[in-house]
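Please consider the structure shown below, first as a whole and then at selected residues.

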Amino acid sequence: MQPVGAVRLLPSGEVYRQIFEDQVRLVRSLDKVRNKTRFSIKNERLALVRDSEIPTDARLLPCYQQKRVERTPYSDSTEKPPSYREATTFQKAWKSVDVNAAEEVGSLPDSIAPEETRSNILERLSERQRGRHDEAVTSMYHELACIGREMEPLVLECGKFLLTKLMESDRKIELLFRKMEVDITLEGFSIEGLEELWNIIHQESLTRRKWIREMDESLRKVEWSRADKITDVLRKYTVMLEEISFFLSADVYRFMNDEAMMINRALLANQRAIAKLFFNLMKSEMKTELAHRWKWEDRVKDWKLIQKNYVVRNFSDLLPPTHTKAETNEWYRSLVNLNKSIDAHNAQCMMKIRIQYEMVQQKCLAEVELCKNNLLNLNVCTKNEAEEIVNSDLLPLTEKLKSQFEEELEHMDRDFEELAKWNEQNCRDLYSYFQEAMGLWDVHQLKLSKQEGKLQKKLDECRWKQNNLIQMMEANLDIILNKMRRASSKEKLKKYLENALSSLDDIKARYETCNKILMDKVMAYPEAILRELISYSISISQYFNVKEIFKQNLQGKIDFAFRDEDNTSTVQTGIFACVFFNLYFFGL
């Protein structure tokens with residue numbers, strides 16, 4: 001028997017099973033002791049009965065036994081007589097139950113050897129519980145998988161719906177940009193129209209952001225629904241596994257807690273993915289809106305450039321000719337070639353008209369012959385009479401029509417020849433006119449260049465003198481600074497410092513004087529240019545044979561001087577010419 005306080009280490013899962021097996025072995029040992037006691041009492045009773053039934057002479061011992069009994073003295077340790085054994089046996093049989101129980105317990109062996117054959121009831125119960133437990137866990141995983149399959153279409157539906165809307169929005173924005181993609185259509189826009197177009201694009205971008213937020217909210221609701229359903233499943237199977245009792249409640253809660261932790265990780269990963277998707281979509285949308293803004297601003301810049309070029313082009317139409325003589329000669333040659341092509345076209349038209357006249361003449365002669373045949377077929381007159389009618393009545397008409405056609409064609413030929421000569425002379429006059437006007441402009445440009453050259457020469461001379469003087473003054477300042485560095489007393493340093501400051505003041509004053517001189521020369525330049533412009537305006541007015549209706553002084557003031565009504569056309573022409581040229585000069 002193991003000593004009190006001895007400790008045996010058993011596996012955690014075998015504690016209750018070991019207790020149960022020990023109890024079974026104890027019960028079996030007690031049954032064996034009880035059966036053994038009963039069997040001994042029964043044998044003793046049977047022996048007493050048989051001894052009493054045997055005759056006296058038959059119960060005599062053998063000789064050697066009887067001699068031994070006689071020689072052995074009687075004592076308590078020796079076997080008692082049958083009558084005494086019978087009394088003792090019956091006395092034991094009538095003992096109380098408690099005494100028997102105490103003797104039975106005392107008769108138990110000190111150590112019970114475990115039997116090799118063990119009952120498999122616990123194994124069967126454990127296997128049954130294991131099966132139910134595994135089935136419940138499998139069912140739980142199946143329901144969790146069903147939840148995932150149920151939620152997946154909802155997530156895909158949100159994504160497809162958003163993608164469809166974004167594609168439609170992209171097509172709409174692309175159509176809006178196509179309206180301003182071509183410069184010809186862009187030129188027709190106004191700045192208000194461009195602003196309105198951008199407002200539509202910006203509103204579309206805000207709508208796209210709203211769709212993204214709605215998708216994010218829908219996905220979050222789907223995840224909340226998934227979490228609620230998973231919670232219900234875990235709670236249901238926690239109760240079920242506790243009822244199965246394959247594991248202890250603590251183990252069941254630990255198992256479900258581990259499963260819940262893994263599921264929570266997956267749910268958190270889903271939420272992070274949704275948040276990242278929302279962030280990426282909003283980032284992409286902002287980049288797209290920024291790209292649209294840049295694209296719109298580029299088109300606005302193009303629109304401004306188109307409008308600027310349009311204004312400059314319209315203004316350039318009012319300017320004097322700026323073409324070279326070579327370009328003017330090329331233009332004159334192209335104009336001469338155009339006149340030649342017009343003359344050739346007129347000749348072709350005359351040929352076609354002549355052919356049509358001849359066809360009409362032939363048709364008239366055919367009608368005359370038809371009339372003659374009709375007269376003969378109707379027997380109205382004889383052949384000689386028919387000939388006479390044709391020669392006297394019909395042929396004069398055809399001859400008159402022919403002479404009329406020839407006269408018209410000759411008149412048309414003469415008109416075309418005169419028109420060609422007139423066009424050629426006009427082109428020559430226009431060419432000469434342009435050359436003389438360009439000569440006036442060249443003279444004006446030459447005078448302006450001379451004025452600019454004079455100004456540049458004066459400025460260069462002034463700068464050269466200024467640079468020489470300043471270099472001398474800076475050299476003097478360097479000498480003073482060197483003496484200051486070599487000075488050994490405070491008084492000398494103070495003296496050199498005063499000299500240096502005085503030299504700096506002289507340099508500053510010299511710069512200011514030179515600057516004033518330069519400004520005076522530059523401010524005199526506009527007056528010289530204005531004189532040249534007035535001179536050019538007078539020469540242009542004289543060349544175009546128009547009268548000046550205004551005079552402009554050197555201060556830029558214009559005095560209008562209208563003429564009488566007889567010279568209205570001349571005054572109007574003068575207004576046009578003067579505005580035509582002076583608008584450019586005074587507007588620069």
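The paragraphs that follow move from the overall fold to two places on one helix.

The model is a predicted one. Its secondary structure consists of twelve helices and two strands. Followed along the sequence, these elements occur in the pattern α-α-α-α-α-α-α-α-α-α-α-β-β-α, with the two strands placed between the run of helices and a final helix.

The chain has 588 residues, of which 22% count as buried. About 43,100 Å² of the chain is exposed, and 57% of this area is supplied by carbon and sulfur atoms. As for contacts between residues at least 6 apart in sequence, 77% of them join residues that are at least 24 apart.

Helix α10 spans residues 383–486 and includes F434. Together with W331 and L430, F434 makes a nonpolar surface patch of about 220 Å². The relative accessible area of F434 is 31%, so this residue is classed as partly exposed. Membership of a patch requires over 30% relative accessible area, and F434, at 31%, therefore satisfies that cut-off.

Q451 also has its place in helix α10. Is this residue buried or exposed? Q451 has a relative accessibility of 18% and counts as buried, because the cut-off for that class is under 20%. Which residues does Q451 contact once its neighbours within four places in sequence are left aside? They are Y525, A528, I529 and E532.

Helix α10 thus holds both F434, which is partly exposed, and Q451, which is buried.

Definitions and conventions: Residues numbered from 1 in each chain as written. Predicted model: local features only at pLDDT ≥ 70, side-chain atom pairs only at ≥ 80, totals over all residues. Heavy atoms only, no water. Patch = residues over 30% accessible without salt bridge, like charges linked within 9 Å, V, L, I, M, F, W, Y side chains within 5 Å. Areas by Shrake-Rupley, 256 points an atom, 1.4 Å probe, with all protein chains shown as cover. Salt bridge = Lys/Arg side-chain N within 4 Å of Asp/Glu carboxyl O. Helix = DSSP H or I, 4+ residues; strand = E, 2+ residues; numbered from the N terminus. Buried < 20%, exposed > 50% of the residue type's maximum accessible area, 1.4 Å probe, protein only. Contact = heavy atoms within 4.5 Å.
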